[in-house]
Amino acid sequence: MLMTRQFIQRQRALALWRDIVRSTANIPDEGARKDMRQFARSEFEQHRSVTDIYGKTQFQTMKGTLINSGVLNE
């Protein structure tokens with residue numbers, strides 16, 4: 001059973017992923033859209049083992065990377 005903080009962290013990650021999918025849907029070039037989603041997926045995979053449920057450092061780092069790369073809008 002997930003603890004409350006784990007549940008909240010999971011919900012944040014899912015919300016971020018949905019934002020990414022929505023943002024990349026506006027990219028007209030299919031190849032570029034696929035590349036951006038693949039980049040976002042690799043960022044998620046890279047941070048998969050993060051267990052920092054008390055702080056937002058890794059989550060904010062990943063979100064910042066995606067914003068800076070143009071995958072996600074602020």
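**Legend 1. D19 pairs with R22 in a salt bridge.** D19 counts as partly exposed, at 33% relative accessibility. (Buried means under 20% relative accessible area, exposed over 50% and partly exposed in between, with a 1.4 Å probe and protein chains only.) This is a predicted model: local features need a pLDDT (the predictor's confidence in each residue, from 0 to 100) of at least 70, side-chain atom pairs count only at pLDDT 80 or more, and totals for chains, interfaces and linings use all residues. Residues are numbered from 1 along each chain as its sequence is written, and side-chain values use heavy atoms, leaving out hydrogens and water. The partner, R22, is exposed, with a relative accessible area of 51%. From N to O, the two side chains are 2.9 Å apart. Here a salt bridge is a side-chain nitrogen of Lys or Arg within 4 Å of a carboxyl oxygen of Asp or Glu. Side chains of opposite charge can pair when their charged atoms come close. Where do D19 and R22 sit relative to each other in helix α1? They are three residues apart in helix α1 (residues 4-25), so about one helical turn separates them. The whole structure holds one salt bridge.

**Legend 2. W17 and F44 form an aromatic pair.** The count of aromatic pairs is one. W17 and F44 meet edge-to-face, with 5.2 Å from centre to centre and 85° between the planes. The pair links distant parts of the chain. W17 is in helix α1, while F44 is in helix α2 (residues 30-46), 27 residues apart. Rings of Phe, Tyr and Trp (its six-membered ring) pair if their centres lie within 6.5 Å; planes under 30 degrees apart count as stacked, over 60 as edge-to-face and the rest as tilted. Are the two partners buried or exposed? W17 is partly exposed, with a relative accessible area of 25%. F44 counts as buried, at 19% relative accessibility.

**Legend 3. E43 is a buried charged residue without a salt bridge.** E43 belongs to helix α2. Its relative accessible area is 9%, so E43 is buried. Which side chain of opposite charge is nearest to E43? It is R41, 13 Å away. (Lys and Arg count as positive, Asp and Glu as negative; His and the chain ends are not counted.) Setting aside neighbours within four places in sequence, E43 is in contact with M62, T65 and L66. Contact means heavy atoms within 4.5 Å. E43 and T65 are 22 residues apart in sequence, and their C-alpha atoms are 8.4 Å apart.

**Legend 4. Q46 and R33 both have their place in helix α2.** Q46 counts as exposed, at 55% relative accessibility. From C-alpha to C-alpha, Q46 and M62 are 9.2 Å apart in space. In sequence, 16 residues separate Q46 and M62. R33 and V21 are twelve residues apart in sequence. Their C-alpha atoms are 9.4 Å apart in space. What does R33 touch, leaving aside its neighbours within four places in sequence? R33 is in contact with T24, A25, I27 and P28.

**Legend 5. L16 is a buried residue of helix α1.** L16 has 2% relative accessibility, so it counts as buried. L16 and K63 are 47 residues apart along the chain. In space, 7.7 Å separates their C-alpha atoms.

**Legend 6. The chain follows the pattern α-α-α.** How many helices and strands are there in the chain? There are three helices and zero strands. Helices (H or I, at least four residues) and strands (E, at least two) are DSSP runs, numbered from the N terminus. The chain has 74 residues, and 20% of them count as buried. About 5,500 Å² is exposed, with 50% supplied by carbon and sulfur atoms. These accessible areas come from the Shrake-Rupley method with a 1.4 Å probe; for residues, only the protein chains shown count as cover. Take the contacts between residues at least 6 apart in sequence: 60% join residues at least 24 apart. Mean pLDDT for the chain is 79, and 84% of residues reach 70 or more. Among the elements, helix α3 (residues 57-68) has the lowest mean pLDDT, at 75. Helix α2 has the highest, at 87.
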